[in-house]
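Thanks for coming, everyone. I'd like to walk you through one chain this morning. Have a look at the sequence and the fold first.

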Amino acid sequence: MAAGNERSTKALKEVWKRAENSLCADCGKPDPDWASSTLGVFICLSCSGIHRNIPSISKVKSLKMDYWDDAQVQFLAKHGNAVTKAIYEAHIPIYYYQPTYNDCQVLKEQWIRAKYERKEFTEPGKQLPYSDGVKEGILWKRGRDNGQFLPRKFLLSEREGCLKYFTKQDAKEPKINIKIDVINATFQPEKIGNPNGLQITYLKDNKTRNIFVYHESGKEVVDWFNAIRSVQFHYLKVAFPIASDNEIKNRLTRNFLKEGYMEKTGPKQREAFKKRWFTLDHRRLMYFKDPLDAFAKGEVFVGSGENGYSVQKGLPSGTQGNFSWHYGITIVTPDREYLFTCETETDQLEWIRAFTSVINQAMTPQEYAIEAYFKFKS
């Protein structure tokens with residue numbers, strides 16, 4: 001018996017150390033130490049918890065703590081991440097968002113359920129709930145002024161190239177009609193206070209407008225998210241016919257580079273520093289009095305290093321404004337310096353990394369146009 005255990009353990013380790021099994025099959029996290037004995041995939045602890053919630057599909061065990069018999073090890077050896085992915089991820093639409101381990105729970109759970117439970121990607125040309133160019137339904141939307149979440153009808157149309165929402169079910173005219181090419185959508189469960197919270201952002205008169213929504217069903221809200229990406233993808237395919245699918249995919253919805261509180265002072269640099277919520281959306285640094293504000297109080301354009309933009313640790317000597325946080329950051333632009341303070345050194349370093357990643361990228365022609373608008377506005 002002991003020899004059998006030793007043989008199984010050795011064989012398990014050999015399968016486990018294959019290169020294809022070095023990342024979680026579902027979220028890509030390195031060094032997965034769990035596996036599904038029914039699907040044959042190697043997964044991380046977090047994804048194993050999701051698998052455990054669909055026991056009719058997946059039985060999970062620890063690779064370190066649980067006993068694996070010969071038959072189970074042989075099953076893993078015949079399958080593994082590469083073989084199983086070839087089956088369950090054979091026909092993923094180019095626009096479908098595949099979450100990583102940094103993404104929120106609802107995205108990861110619906111990705112796993114879409115693959116193994118609903119088998120959405122096993123057949124070519126399968127009709128999917130987010131792929132037909134139109135989606136209509138109710139989302140709970142936060143009121144711009146009163147902060148209450150109320151049910152609102154939303155309509156997404158590829159033919160019209162827009163997303164609309166209506167204040168009443170039978171309303172003929174939408175409250176807002178948003179062009180699909182100016183929309184961003186990102187999951188914000190902590191900020192919104194709901195595990196299925198989705199932030200929809202769009203540009204109106206070159207200003208950023210935020211809409212906060214959720215749905216009780218995780219599947220429904222993720223379907224909305226991928227439906228927006230689907231409509232955007234097909235819209236951009238027409239608008240940029242020579243662009244590759246991957247180039248267009250990279251222009252779909254994006255996560256914010258960094259969010260959180262900092263203190264800021266005014267242009268004279270003698271005013272008291274005020275605590276604000278900041279969002280870095282690529283080259284737009286927006287600040288809000290409250291994280292759930294519909295409109296930013298102000299925006300700063302963050303250009304490239306070759307155009308005179310830089311980020312520096314600390315504040316200029318002699319800074320006069322009163323501040324309660326002592327980890328300073330200075331953003332240098334061709335026109336002025338912007339001064340911020342962070343509560344902790346960790347926050348400071350994370351913000352500096354985020355700013356640096358933007359500043360190190362060359363600007364596109366569209367970004368030069370945005371920069372010109374910011375300069376004209378100021």
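How many Å separate the centres of domain 1 and domain 3? Taken over C-alpha atoms, the figure is 42 Å. Keep in mind that this is a predicted model.

Let me set out the parts. The domain assignment splits the chain into domain 1 at 1–117, domain 2 at 134–250 and domain 3 at 258–376. The UniProt record, an unreviewed entry, carries the annotation "domain: PH" over residues 132–233 and 255–360. Take residues 132–233: 20% helix, 46% strand, with the end C-alpha atoms 12 Å apart. Now residues 255–360: 14% helix, 38% strand, with the end C-alpha atoms 19 Å apart.

Start with the sheet of three. Its 3 strands run in the order β2-β1-β3, the sheet is open, and the pairing is antiparallel. β2 (42–43) and β3 (60–62) are the edges; each has a single partner strand, so one side of each has no neighbour in the sheet. Strand β1, residues 34–36, is joined to β2 by 2 bridges. In that pairing, Ala35 sits opposite Phe42.

Next, strands β4 and β5. Strand β4, residues 134–142, runs antiparallel to strand β5, residues 149–157, with 9 bridges between them. Gly137 faces Phe154 there. The two strands make a hairpin with 6 residues in between. Look at Gly147 in that turn: its phi is positive, about 75 degrees. β4 also pairs with β10, again antiparallel, through 2 bridges. Lys141 has Val213 in β10 as its bridge partner.

On to β9, residues 198–204. Is this strand enclosed or open to the outside? Of its 7 residues, 5 are buried, so the strand is largely enclosed by the rest of the structure. It has pairing to talk about too. Strand β8, residues 183–187, pairs with β9 in the antiparallel sense over 5 bridges. Thr186 stands across from Gln199 in that pair. β9 is also joined to strand β10, residues 207–214, by 7 antiparallel bridges. Thr201 finds its bridge partner in Asn210 of β10. β9 and β10 form a hairpin too, with 2 residues between them. Asp205 in that turn has a positive phi of about 55 degrees.

Now the cores. In soluble globular proteins, nonpolar side chains tend to be buried together. Here the largest nonpolar core has 55 residues. Ile43, Leu156, Leu163, Ile183, Phe187 and Leu198 touch the most other members. Helix α7, residues 218–239, gives the most to this core: 9 residues. Where does this core lie? Domain 1 and domain 2 both give residues to it, so it lies between them.

Pick out Ile183 from that list. Setting aside neighbours within four places in sequence, Ile183 is in contact with Leu163, Ile178, Ile200, Thr201, Tyr202, Ile228 and Gln232. Apart from this core lies another, of 23 residues, including Tyr309, Tyr338, Ile352 and Ile359.

Last stop, the sheet of seven. This one is open and antiparallel, with 7 strands in the order β14-β13-β12-β11-β17-β16-β15. The edges are β14 (298–301) and β15 (310–313), each pairing on one side only. On average, neighbouring strands are turned by 35 degrees against each other, direction ignored. β13 and β14 are joined by 4 antiparallel bridges. Arg284 stands opposite Phe301 in β14. Helix α9, residues 345–359, packs on the sheet. The strands touched by α9 are β11, β12, β13, β15, β16 and β17. Its direction makes about 160 degrees with that of β15.

Finish on one residue, Phe288, in strand β13, residues 284–288. Buried or exposed? Phe288 is buried, with a relative accessible area of 2%. Not counting residues up to four places away in sequence, Phe288 touches Asn210, Arg276, Trp277, Thr279, Asp293, Phe295, Ala296 and Lys297. Phe288 and Trp277 are 11 residues apart in sequence, and their C-alpha atoms are 5.0 Å apart in space. Also on that list is Asn210, the bridge partner of Thr201 from the β9–β10 pair.

That's the tour. Over to you for questions.

Definitions and conventions: Residues numbered from 1 in each chain as written. Predicted model: local features only at pLDDT ≥ 70, side-chain atom pairs only at ≥ 80, totals over all residues. Heavy atoms only, no water. Domains from an automatic or database assignment. Pairing = 2+ DSSP bridges. Buried < 20%, exposed > 50% of the residue type's maximum accessible area, 1.4 Å probe, protein only. Core = buried A, V, L, I, M, F, W, Y, C linked by side-chain atoms within 4.5 Å. Contact = heavy atoms within 4.5 Å. UniProt positions renumbered as here; feature names shortened; annotations may be inferred. Axes fitted to C-alpha atoms, helices over the stretch in contact; angles between N-to-C directions.
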